[in-house]
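Here is a short report for a first look at the structure below. Keep the sequence and the 3D view open as you read.

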Amino acid sequence: MLDDIYTNGELAALYDSLNPAGEDSAFYLRSAGTPKRVLDLGCGTGLLACMLAARGHAVTGVEPARAMLDIARGREGGGAVTWIEADARTLDLGERFDLIIMTGHVFQVFLSDDDVHAVLRAAHAHLAKEGRLIFESRNPAVKAWESWTPEQTARTVSVAGVGEVGVQHRLIAVNGDRVAFETDHVFHGTGKTLANASTLRFLSQAEIGTHLRDAGFIRTAWYGDWIEGPVLPESRELVIVAERD
Ligand SMILES: C[S@@+](CC[C@H](N)C(=O)[O-])C[C@H]1O[C@@H](n2cnc3c(N)ncnc32)[C@H](O)[C@@H]1O
């Protein structure tokens with residue numbers, strides 16, 4: 001089940017203003033290196049996919065939410081990327097890639113062990129020999145969700161063609177490693193409010209490592225930030241570079 005923020009065109013239109021390119025994009029661009037075949041799983045609105053294509057990579061972006069993919073297709077430089085509307089868990093493109101990425105915490109949308117296994121197996125099956133899978137997940141030790149309150153997250157973004165939109169998160173429940181929260185979007189121009197319910201999974205470094213081994217990845221490097229520092233207990237991110245055999 002896809003979240004409304006990805007399937008509802010009015011909410012998808014806010015995505016780039018709420019999630020502009022940052023340190024994470026710079027890390028992925030650096031890691032990609034010289035031009036190669038890149039598969040972006042859960043590419044969303046395609047901002048990073050287009051940045052990679054502009055640097056000479058042959059990029060395929062996979063995304064199941066039509067509203068996100070419509071934005072990706074219409075983006076400047078979007079014609080240079082191959083866009084595919086599909087679920088990463090069941091992907092079978094019959095092609096191999098030198099680099100597969102899952103950015104913007106896509107990995108955390110996979111809520112069951114079966115789903116995690118399916119997406120990692122699909123990534124493994126699409127990797128060329130010595131290819132790399134690079135992705136990130138929020139470190140559960142930091143409990144980022146504790147600050148997902150209206151008081152700590154409320155902000156207003158200005159969106160071209162839409163106007164000002166107030167956005168805030170509200171933690172709903174923590175069930176083991178699954179965190180449920182809601183996001184309110186208030187469109188100042190019309191007064192309309194759209195709420196979105198999300199659940200994300202927070203796996204530990206050890207758990208992700210086990211899933212990667214089960215999916216056939218033999219070597220894994222871990223970073224705790226976007227400048228390739230070590231994973232520390234207080235690291236907000238777990239950044240993973242996994243190599244296939
Ligand atoms: C937080 S967004 C990240 C988008 C983009 N990678 C980025 O960095 O901005 C998560 C994306 O994962 C996509 N997604 C959800 N379920 C998926 C699945 N089963 N296979 C592939 N993508 C999925 C969503 O539709 C959404 O576009």
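Arginine 170 faces glutamate 182 of strand 8 across a bridge. Strands, like helices, are DSSP runs numbered from the N terminus: E of at least two residues for strands, H or I of at least four for helices. Two strands pair if DSSP finds at least two bridges between them.

This is a predicted model, in which local features need pLDDT of at least 70, side-chain atom pairs count only at pLDDT 80 or more, and totals for chains, interfaces and linings use all residues. Residues are numbered from 1 along each chain as its sequence is written, and side-chain values use heavy atoms, with hydrogens and water left out.

**The antiparallel sheet**

Strand 7 (residues 163–175) and strand 8 (residues 178–187) pair in the antiparallel sense, with 10 bridges. They form a hairpin with 2 residues between them. Glycine 176 sits in that turn and has a positive phi of about 60°. Valine 174 stands opposite valine 179 of strand 8.

Strand 6 joins strand 7 through 5 bridges, also in the antiparallel sense. Threonine 156 has glycine 166 in strand 7 as its bridge partner. Here 3 residues lie between the two strands of the hairpin, and glycine 161 in the turn has a positive phi of about 80°.

The whole sheet is open and has 4 strands, in the order 6-7-8-9, with antiparallel pairing. Strand 6 (155–159) and strand 9 (193–201) are the edge strands, each pairing on one side only. Neighbouring strands of this sheet are turned by 30° against each other on average, direction ignored. For such angles, axes are lines fitted to C-alpha atoms, for helices over the stretch in contact, and angles run from 0 to 180 degrees between N-to-C directions.

**Strand 1 and its partners**

Strand 1 covers residues 37–41, and 4 of its 5 residues are buried, so the rest of the structure largely encloses it. Buried means under 20% relative accessible area, exposed over 50%, and partly exposed in between (1.4 Å probe, protein chains only).

Strand 1 pairs with strand 2 (residues 58–62) in the parallel sense over 5 bridges. Leucine 39 stands opposite threonine 60 of strand 2. Strand 1 also runs parallel to strand 4 (residues 97–102), joined by 3 bridges. There, aspartate 40 has isoleucine 101 as its bridge partner.

Helix 5 (residues 47–54) completes a right-handed β-α-β unit with strand 1 and strand 2. Right-handed means that, with the strands pointing away from the viewer, the path from the first strand over the helix to the second runs clockwise.

Threonine 45 lies in the loop between strand 1 and helix 5. Its relative accessibility is 2%, so threonine 45 counts as buried. Threonine 45 and glutamate 63 are 18 residues apart in sequence, and their C-alpha atoms are 8.7 Å apart.

**The ligand**

Which residues are the closest to the ligand? They are Tyr15, Gly42, Glu63, Asp87 and Thr103, among 18 that surround it. A residue is near if one of its heavy atoms lies within 4 Å. The table gives polar contacts, pairs of N or O atoms within 3.5 Å.

| Residue | Residue atom | Ligand atom | Distance |
|---|---|---|---|
| Alanine 88 | polar backbone atom | nitrogen | 2.9 Å |
| Threonine 103 | polar side-chain atom | oxygen | 2.6 Å |
| Glycine 104 | polar backbone atom | oxygen | 3.4 Å |

Taken alone, the ligand exposes 600 Å², and the protein buries 89% of that. Accessible areas come from the Shrake-Rupley method with a 1.4 Å probe; for residues, only the protein chains shown count as cover.

Note on methods:
Polar contact = N/O pair within 3.5 Å; in protein donor to acceptor, adjacent residues only side chain to side chain.
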